[in-house]
Amino acid sequence: MDALAVMLEAPERLSLRPLALNPVGPADLVVDVAWSGISSGTEKLLWSGRMPSFPGMGYPLVPGYESVGRVVDAGADARGRIGEWVFVPGANCYATARGLFGGTAQRVVLAAARAIPIDESLGRDGILMALAATAHHAIAGGRVPDLVIGHGILGRLIARIAVATGGGAPVVWETNPARRDASGYAVIDPVEDARRDYAAICDASGASDILDTAFGRLGKGGEVVLAGFYDRLSFAFPSAFMREARVRIAAEFTPADITAVVELIDIGLLELDGLISHARPASEAEDAYPQAFTDPDCLKMVLDWRQI
């Protein structure tokens with residue numbers, strides 16, 4: 001069995017080609033993917049070649065951890081799940097390529113335990129489950145932020161989940177005037193904010209110099225949460241010292257975060273609409289990836305695999 005997949009051959013060299021899939025095990029599912037998202041954080045680093053080295057890193061690789069689709073086949077122990085609509089947080093199922101993170105393909109094979117049933121009515125918005133869970137994980141580990149830096153897609157989800165979980169509406173900083181649209185919380189230019197007593201600041205900008213900025217706006221004993229993915233960070237010590245600042249790094253989301261997000265959506269406290277700005281057929285992946293990373297109007301790009 002094989003499937004068309006997006007292949008990162010090397011930095012800034014991408015193709016769409018068939019790859020052989022590993023055999024289906026007794027506890028595996030086969031999922032026909034309908035939509036897959038392009039991450040403007042992690043995948044941008046992979047595409048550009050700036051991803052720091054860690055286990056599993058290398059080329060050629062299949063990216064992607066934001067796919068949704070239908071279970072069309074399964075191993076002997078998982079046949080009851082055939083027909084389900086699921087979120088796929090990646091797959092390592094390729095015979096001749098690394099699966100990092102492996103979800104951007106026409107068809108994937110993955111362990112049944114990793115495929116998360118979601119409401120099919122979410123449509124393409126279902127690909128946002130990973131980012132929503134990441135946003136939830138950033139909040140769940142400590143204080144709900146009263147300042148969010150960056151109003152890209154992760155910053156928007158952090159703000160929405162802060163409101164949905166009863167933590168109150170945070171202030172959000174955004175330097176791009178075109179991205180200051182919001183409802184339920186304020187989005188402002190940081191130069192217009194004189195406040196310097198925030199208790200909890202969550203960075204969703206991924207900027208390498210963000211700690212100096214954030215420490216200067218904290219109150220005594222405040223916390224900075226790093227929710228993006230960074231190559232290297234540095235900061236001047238005195239400002240952090242005077243505020244007895246704390247830094248918390250929000251790592252990968254957990255199954256508990258997915259469960260919490262699904263519950264918030266099901267009871268109507270969290271909506272995912274209005275976050276996907278661009279969609280292109282999967283056949284146009286070679287153009288879609290650069291656009292996702294360089295077009296300032298592209299908040300979130302998804303690939304449509306349904307007609308390929």
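**Helix H7**

I started with what is tucked away in H7: its buried residues are Ala 285, Ala 288, Tyr 289, Gln 291, Ala 292 and Phe 293. I'm working from a predicted model here. Next I looked up what sits over those buried residues of H7, and the cover includes strands S1 (2–10), S2 (13–20), S3 (28–38), S14 (278–281) and S15 (301–304), along with H1.

Two rings in that list caught my eye. Tyr 289 and Phe 293 both belong to helix H7 (residues 285–294), 4 residues apart, about one turn of the helix. That spacing fits the usual rule: an α-helix has 3.6 residues a turn, so residues three or four places apart point the same way. I checked burial for each: Tyr 289 has a relative accessible area of 1%, and Phe 293 has 9%. Both fall under the 20% cut-off, so I log both as buried.

**Aromatic pairs**

I searched the whole structure for ring pairs and got 5 aromatic pairs. One of them joins Tyr 65 and Phe 101, edge-to-face, at 5.3 Å centre to centre with 75 degrees between the planes. What does this pair tie together? Tyr 65 is in the loop between helix H1 (42–48) and strand S4 (67–74), and Phe 101 is in the loop between strand S5 (85–88) and strand S6 (107–111), so the pair links parts that are 36 residues apart in sequence. Both Tyr 65 and Phe 101 are buried.

Back in H7, Tyr 289 and Phe 293 also make an edge-to-face pair, with 6.0 Å centre to centre and 70 degrees between the planes. I followed the ring pairs outward and found that they link Trp 47, Tyr 289 and Phe 293 into a cluster.

**Cavity**

How many cavities of 30 Å³ or more does the whole structure have? My search turned up 1. The largest cavity has a volume of about 40 Å³. Its lining is Ile 38, Ser 39, Ser 40, Ala 292, Phe 293, Cys 298, Leu 299, Lys 300 and Met 301. I sorted that lining by class and got 6 nonpolar, 2 polar and 1 charged residues. Phe 293 turns up again here as a lining residue.

**Pocket**

I also pulled up the second largest pocket, which has a volume of about 310 Å³. It is lined by 16 residues, and the closest to its centre are Arg 160, Ser 183, Gly 184, Tyr 185 and Glu 271. By class I have 7 nonpolar, 4 polar and 5 charged residues in the lining of this pocket.

**Cores**

The largest nonpolar core comes to 91 residues, and those with the most contacts inside it are Tyr 94, Val 108, Ile 158, Tyr 289 and Leu 303. I took Ile 158 and skipped its neighbours within four places in sequence: Ile 158 is in contact with Ala 135, Ile 139, Pro 145, Val 148, Cys 202, Ala 204 and Ala 227. There is also a second, separate core of 14 residues, with Leu 147, Ile 149, Ala 214 and Leu 226 among them.

**Positive phi**

Last lookup: backbone angles. Most residues other than glycine have a negative phi, so I noted two exceptions. Glu 12, in the loop between S1 and S2, has phi near 60 degrees. Glu 244 has a positive phi of about 50 degrees and is in the loop between helix H5 (237–242) and strand S13 (246–249). Buried or exposed, I wondered about Glu 12 and Glu 244? Glu 12 counts as exposed at 53% relative accessibility, and Glu 244 counts as exposed at 54%.

Notes:
Residues are numbered from 1 along each chain as its sequence is written. This is a predicted model: local features need pLDDT of at least 70, side-chain atom pairs count only at pLDDT 80 or more; totals for chains, interfaces and linings use all residues. Side-chain values use heavy atoms; hydrogens and water are left out. On a 1 Å grid over the protein atoms alone, a cavity is a set of points where a 1.4 Å probe fits but cannot get out, and a pocket is an open set with protein on both sides within 12 Å along at least five of seven lines; lining residues have an atom within 4 Å of a point. Grid points are joined across faces, edges and corners, and a volume is the space filled by probe spheres set on the points. Ala, Val, Leu, Ile, Met, Phe, Trp, Tyr, Cys and Pro count as nonpolar, Asp, Glu, Lys and Arg as charged, and the others, Gly among them, as polar. Rings of Phe, Tyr and Trp (its six-membered ring) pair if their centres lie within 6.5 Å; planes under 30 degrees apart count as stacked, over 60 as edge-to-face and the rest as tilted. Helices (H or I, at least four residues) and strands (E, at least two) are DSSP runs, numbered from the N terminus. Buried means under 20% relative accessible area, exposed over 50%, partly exposed in between (1.4 Å probe, protein chains only). Contact means heavy atoms within 4.5 Å. A nonpolar core is a set of buried Ala, Val, Leu, Ile, Met, Phe, Trp, Tyr and Cys residues joined through side-chain atoms within 4.5 Å.
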